[in-house]
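Please examine the structure shown below. The account that follows begins with the fold of a single chain and then turns to the contact between chains.

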Amino acid sequence: MTKKKLQANSLWLLVMIIGFVVINLLVYVGVIDSFIENMLVTIGINIILATGLNLIIGFSGQFSLGHAGFMAIGAYATGIILQTVPTVGGFIGSIIVGIVIAIIAAIIVGVPTLRLSGDYLAIATMGAAEIIRVVINNMKITNGAAGLFNIPQFATWPVVYALVCVTTIVIVNFAHSRAGRAIQAIRDDEIAAEAVGVNPTKWKLAAFVLGAATAAIGGSLHASYIQTIAPSDFGIMNSIALLIIVVLGGVGSMTGTFLAAIVLGVLDTVLQSFGTLRMVIYAVALIVIMVFKPSGLLGRYEFSFARVLNRHKKEDAA
Amino acid sequence: MHTAMQQIINGLSLGSIYALLALGYTMVYGIIKLINFAHGDVYMLGAFWGYFIINKYHVDFIVALLSAMIVTAFAGMLIEYLAYRPLRNSPRITALITAIGVSYFLENGMSYLFGANTRNFPQVVQQHNYTAFGISISNIQLLILVTAIILMVLLQLIIQKTKMGTAMRAVAVDQEAAALVGINPDHVISFTFGLGSALAGAAGVLIGLYYNSIDPLMGMTPGIKAFVAAVVGGIGSVPGAAIGGFLIGLLETGVQAIGLSAYKDAAVYVVLILILIVLPAGLLGKNVKEKV
């Protein structure tokens with residue numbers, strides 16, 4: 001690791017720690033009440049879900065509309081396990097079980113469908129997620145359409161914050177590794193990538209599986225934080241809500257996904273008092289942003305400390 | 001045997017609704033490659049217009065159907081003009097999100113203005129059941145089938161025989177080349193939206209008659225099912241959409257008839273995925289060769 005990389009990475013670590021300390025301090029002195037904390041946790045869970053989806057859509061260029069299905073797997077793994085083993089260990093175990101099942105499901109779904117392209121893939125993944133939902137809806141262990149309630153709450157704010165950091169580090173590092181360059185090459189031109197020896201099926205599946213795994217983590221946190229889950233929480237509209245975060249932030253920009261998740265989370269909380277009109281305003285805001293900023297809030301722009309440091313160095317030299 | 005025939009008739013009625021909706025999806029997709037998520041909500045608008053005009057002016061079925069088609073045609077063209085035209089040259093995923101925004105807007109706007117409760121659709125056509133060879137068919141089912149088939153034949157005539165239809169096919173193949181030979185793509189796209197939305201409006205009035213209840217969120221599930229039908233039939237292909245619609249309708253009633261109604265949605269998607277794996281472009285879709 002070069003010195004500059006080390007500097008950039010330690011800056012990121014600093015940002016994470018400062019963010020954590022500041023927010024806890026605000027909770028402690030009472031600036032952040034339970035209402036705002038609820039908003040922050042929702043934003044955090046949405047960031048975990050949407051960064052995974054952005055990896056699939058923005059970096060590997062595979063249009064998936066089935067994210068809520070994998071989220072459901074994580075949520076139900078946590079819900080079912082915590083009802084029999086309501087301990088911290090049970091919670092951690094349930095996240096791992098959720099990830100493993102989501103990975104298996106992603107491979108089963110991905111191997112046949114990832115050969116499809118564009119909108120066909122979107123509709124096939126949407127169908128797969130609906131199949132997962134219908135199966136959950138008809139199983140005994142998941143308590144059918146009524147869902148699970150009184151799930152013990154282990155996903156407190158610090159847990160969600162820590163997992164946001166961990167999943168983001170994993171996804172961003174994946175996107176910037178050899179694997180990430182491979183999937184971006186496939187996104188830009190699949191035939192050319194194949195010609196230089198990148199195996200499209202393998203790398204597309206890798207991104208899809210990693211995205212599904214993070215979706216399962218998000219689902220686990222959702223189940224344990226909200227404490228009530230039902231199959232209807234994981235329908236097509238929930239996949240679309242995540243897609244909106246990704247596109248609004250800018251497809252292929254993780255910074256944008258963070259920004260969009262925060263903007264939409266705040267907007268949602270602010271509009272809470274508007275009642276039915278809330279979704280109308282939300283819809284109009286969405287259309288207006290898309291019409292005037294078609295590439296999303298940030299396009300493909302990515303904030304990077306390494307680049308800021310570099311620029312600084314050049315200015316010093318000049 | 002009788003129950004099977006009975007289910008086929010029920011399936012065909014439901015399928016013709018899906019087919020009418022799927023035609024709108026497939027035409028819009030064929031011409032600007034946009035999954036028009038708001039299409040199901042245009043269908044809802046049609047049903048509400050029928051509800052409104054029948055209750056208020058006591059018109060008969062034909063007037064309700066035709067006026068609903070005109071109203072939804074204009075609604076579709078307006079949506080295209082305001083929400084999709086500014087995004088003609090932006091990434092397709094952006095247009096898709098805008099379509100979702102329009103869909104949210106229509107659903108929640110209608111809920112806000114007229115309330116989210118379910119209403120009873122006025123029965124302008126008195127229901128009669130005809131029984132022949134032990135199979136019962138209602139005049140409403142016949143009406144739905146006949147109307148749907150007439151509309152589909154008309155659509156096929158418009159697309160194949162008129163000047164506008166030729167222009168539509170030209171723009172679908174190559175928009176720039178069509179513009180070079182003097183076709184205004186904006187007019188053609190607007191016309192396509194109008195045509196597709198009119199069919200959705202007709203489907204809305206027909207479903208109101210059939211199920212007798214309407215609500216602002218009624219377009220969501222049939223909209224997605226109809227899109228699945230369009231994909232199964234081969235998106236961009238007009239006969240494919242019709243076949244896909246009937247297929248999904250038959251499948252759904254079939255699965256319901258053998259006692260697995262809890263799994264009817266799953267069955268639709270399983271068939272969708274299987275068809276896409278075997279025929280990636282759908283039943284009648286054109287297979288585009290990969291080029292370097």
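In this predicted model, buried residues account for 46% of the 318 residues of chain A. A residue is counted as buried here when 20 or more other C-beta atoms lie within 10 Å of its own.

The secondary structure of chain A comprises 13 helices and 0 strands. Its order along the sequence is accordingly written α-α-α-α-α-α-α-α-α-α-α-α-α. Chain A has a radius of gyration of 20 Å, close to the 20 Å that the globule rule gives for 318 residues, and it is therefore as compact as a globular protein of that length. Measured out along the principal axes, the extent of the C-alpha trace of chain A is about 65 × 55 × 45 Å.

The contacts within chain A add to this picture. Among those with a separation of 6 or more, 80% join residues that are 24 or more positions apart in the sequence.

The second topic is the interface. Here 33 residues of chain A are in contact with 36 residues of chain B. On the side of chain B that touches chain A, at least two residues come from each of α4 (92–114), α9 (220–233) and α11 (264–278) of chain B. Of the elements of chain B, α4(B) gives the most to this side, namely 13 residues. Sorted by class, the side of chain B that touches chain A consists of 27 nonpolar, 7 polar and 2 charged residues.

Definitions and conventions: Residues numbered from 1 in each chain as written. Chains lettered and ligands numbered in written order. Predicted model: local features only at pLDDT ≥ 70, side-chain atom pairs only at ≥ 80, totals over all residues. Helix = DSSP H or I, 4+ residues; strand = E, 2+ residues; numbered from the N terminus. Rg over C-alpha atoms; globule rule 2.2 N^0.38 Å. Buried ≥ 20, exposed ≤ 12 C-beta atoms within 10 Å, placed from the backbone. Contact = placed C-beta atoms within 7 Å. Nonpolar A, V, L, I, M, F, W, Y, C, P; charged D, E, K, R; others polar.
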